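Visitor: Could you take me through one part of this model in some detail? I'd like to look at the place where the two chains come together, and at what sits around it on one side.

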Amino acid sequence: MAVLTVPKLDLAASAYIPTPARIVRTEQLTEMEKLFEIELNDPRRLGHEPGQFVQVSLFGFGEAPISICSSPTRPDTFELCVRRVGTVTGRLHALNEGDVIGIRGPLGRGFDVNEMHGRDIVIVAGGLGLAPVRSLIQYIVDERGRFGQFHLLYGCRQPSEILFRDDVAAWRNDRRLHFLQTVDKADEQWRGRVGVVTTLIKELPELDPQQTVVVIVGPPVMFKFVVLEVLARRIPQRSIYCSLERRMKCGIGKCGHCQANQVYVCLEGPVFKYGQLKGLREALD
Amino acid sequence: MLDLMVTPADFVALVNELGRKRRIIGPVARGDRYFYEEVGDAARLELGFSYAVYGPKSFLFPAVETLFRFEADNGSFTAEPVYDDRPAAFVGVHPCDLHAIRLLDRVFAQDRRDEHYLRRRGATMIIGIDCARPCNEGVFCADMKCHQADEGFDVMLLPLSDGDGNRRWGLKFGSAAGREWLTYSRRCTAPTAADERAAETFLRAKAAAFPRALTTRVERLPELLERSYDSLLWEATARRCYSCGSCNLTCPTCYCFDMSDSLDLSLTSGVRQRLWDGCQLPGFALVAGNHNFRPRAAQRLRHRIFRKAKWIRERTGVAGCVGCGRCDRACTAKISAVEIYNQLAELD
């Protein structure tokens, strides 16, 4: 049974104070991305939903919003996949096992797994989009009996950018799910499919529009093309999920940085249904 | 309609009595402009001021505010929240700014509460001053229905005079705290029938004194904007915009902020602070990896106007633009919010 209880918030306390947490394991995933397995110092568990994020605090450097890439079904620790792009993430990459960081969260709204129970699932992940959606993939794998068919499609630019190689190998060999992978550009060793992730959708069997949920996480340009393919298969807009990337700072719907039009992505998102994005013109720019 | 009357000199004495228990914040003259500052003597307050450049947020939501102090030690850290909940009396807030405070109150209490704002606000008594006439050219507070305030203050002062032409403050209570402060004061007197007539005359004169600058009704702005998202007006107006953020800086309802750490010399302790930020600044919507979600001045201008006249109200139920005209006056390129509203109505 999944652990989806949200820890009680002390509402009279400052929303900006991080909780100490320890890095228990790191793994360099690619040249740019490093995985951090983290344990909160107090006995509290994170208690997140797949698709939520945390603010990682490094004192003197600041905070960076990072999506949680592990499932609440593995509750003792949680994992963050961090691309080295800025001050905080650059400093974070220099940290290792035993180092202490600050964590605020879980924040935002994740995937509604209860609504997905009993349905067929298609997950389309592009590039770093695999990180946020890996929390959901692990959840489905751990709770496999509660879902119907499970198709997992993953594309990235080139083989050197493939994230979570151990997971990818396991998914490929897991007969309980249908895994398809592609790269935009092959190198000499690559023996798999070549082409953008959209091409994988053509390999999917017929989908039952009333029974299927599609989750698309990747760069906005990919999202548009994949949504088109999925809508063409008559999947309703309420059954299509995505996750938006923004620069959340406060994480509680005040500071304004993450807004897409009138929506505070940190509060109402980062996970949205496609139907909710209608009229949100900035969402997919 | 009046609760009590007081002379200007007695009011200053009353505020100074209050000042034994509370910090006094109010309008102070700097050159020919006014700013909200803490004073040791209420006689320094310029209660006949036009308007405070930065509005009430400069006190209630300071430009730089420490959220917590941290100390890293032996591989862990401690973080202690910093709250400023010293009792304060905020004297001299005009109706438009009372509306702005009402918005801040909602924003910081909505969803996850922001204790840093709310504790300061909770410790603050607000003494409003009604305005007899527009504080400046170009205000459109009456158009935005924010030139009067029936709530949001503990005490409201009405600038009246007695039969001999001597100035008197007419007092209205807005809260139990306001009533408690003044009810038993020997400095105040009960209003006479003549005082009540003076208050009525004041309000009638006030209603006639405020200009109308908006060519449509404020209630129509959301739907006008809804249909103008792709208007060329944004691009055309933003040609003049320097993206300097002066509008954000002076707007009493702009509350967006950035967060930043600052270390002590030891490099093991320091503070995390929040600082005013502005959606018109080019880097506001920048994410790690250098993607900017609003790279163009036209997109940023549109975002600001949509927030002020549509989205903030939809989110909080209260006005996002109070019509104070500060942004129009601060704009180095003479971009005017009310002119944009009127152009939207005209293009419609």
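Guide: Here is a walk along the chain B side of the contact with chain A, followed by a helix and an arginine of chain B.

Keep in mind that this is a predicted model. Start with the overall count: 44 residues of chain B are in contact with 44 residues of chain A. Putting the two chains together buries about 3,800 Å², and 56% of that is on carbon and sulfur atoms. On the chain B side, Phe77(B), Arg112(B) and Phe293(B) give up the most area to chain A, together 21% of what that side buries.

Now for the polar part. Between chain B and chain A there are five salt bridges. For one to click on, try Asp230(B) and Arg281(A), whose side chains meet at 2.7 Å, N to O. Polar contacts link 26 residue pairs across the two chains, counting pairs with both residues at pLDDT 80 or more. As for which elements of chain B supply two or more residues to this side, the list includes strands S4 (64-73), S5 (76-81), S10 (257-263) and S11 (269-276), along with helices H3 (95-109), H4 (115-122) and H10 (297-316). By type, the residues on the chain B side split into 21 nonpolar, seven polar and 16 charged.

Helix H4 of chain B deserves a stop of its own. H4(B) is mostly covered, with six of its eight residues buried. Those six are Glu115(B), His116(B), Tyr117(B), Leu118(B), Arg120(B) and Arg121(B), so you'll find charged side chains on the buried list too. The cover over these residues includes helix H2 (57-60), S4, S5, H3, strand S7 (124-129) and S11, which belong to chain B. At the N-terminal end of H4(B), Asp114(B) acts as a cap: one of its side-chain oxygens lies 3.1 Å from the backbone nitrogen of His116(B).

Last, swing over to helix H10 of chain B, where you'll find Arg300(B). Arg300(B) is buried but has no salt bridge, and the nearest side chain of opposite charge, Glu235(B), is 9.8 Å away. A salt bridge needs a nitrogen-to-oxygen distance within 4 Å. What the side chain of Arg300(B) does reach is the backbone oxygen of Arg294(B), at 3.0 Å. Leaving out residues up to four places away in sequence, Arg300(B) touches Ser243(B), Cys279(B), Gln280(B), Leu281(B), Pro282(B), Arg294(B) and Pro295(B).

Note on methods: Residues are numbered from 1 along each chain as its sequence is written. Chains are lettered from A and ligands numbered from 1 in the order in which they are written. This is a predicted model: local features need pLDDT of at least 70, side-chain atom pairs count only at pLDDT 80 or more; totals for chains, interfaces and linings use all residues. Side-chain values use heavy atoms; hydrogens and water are left out. Contact means heavy atoms within 4.5 Å. Buried area is the accessible area (1.4 Å probe) that two parts lose on being put together, summed over both. A polar contact is a pair of N or O atoms within 3.5 Å; within protein, one must be able to donate a hydrogen and the other to accept it, and residues adjacent in sequence count only if both atoms are side-chain atoms. Helices (H or I, at least four residues) and strands (E, at least two) are DSSP runs, numbered from the N terminus. Buried means under 20% relative accessible area, exposed over 50%, partly exposed in between (1.4 Å probe, protein chains only). Lys and Arg count as positive and Asp and Glu as negative; His and the chain ends are not counted.
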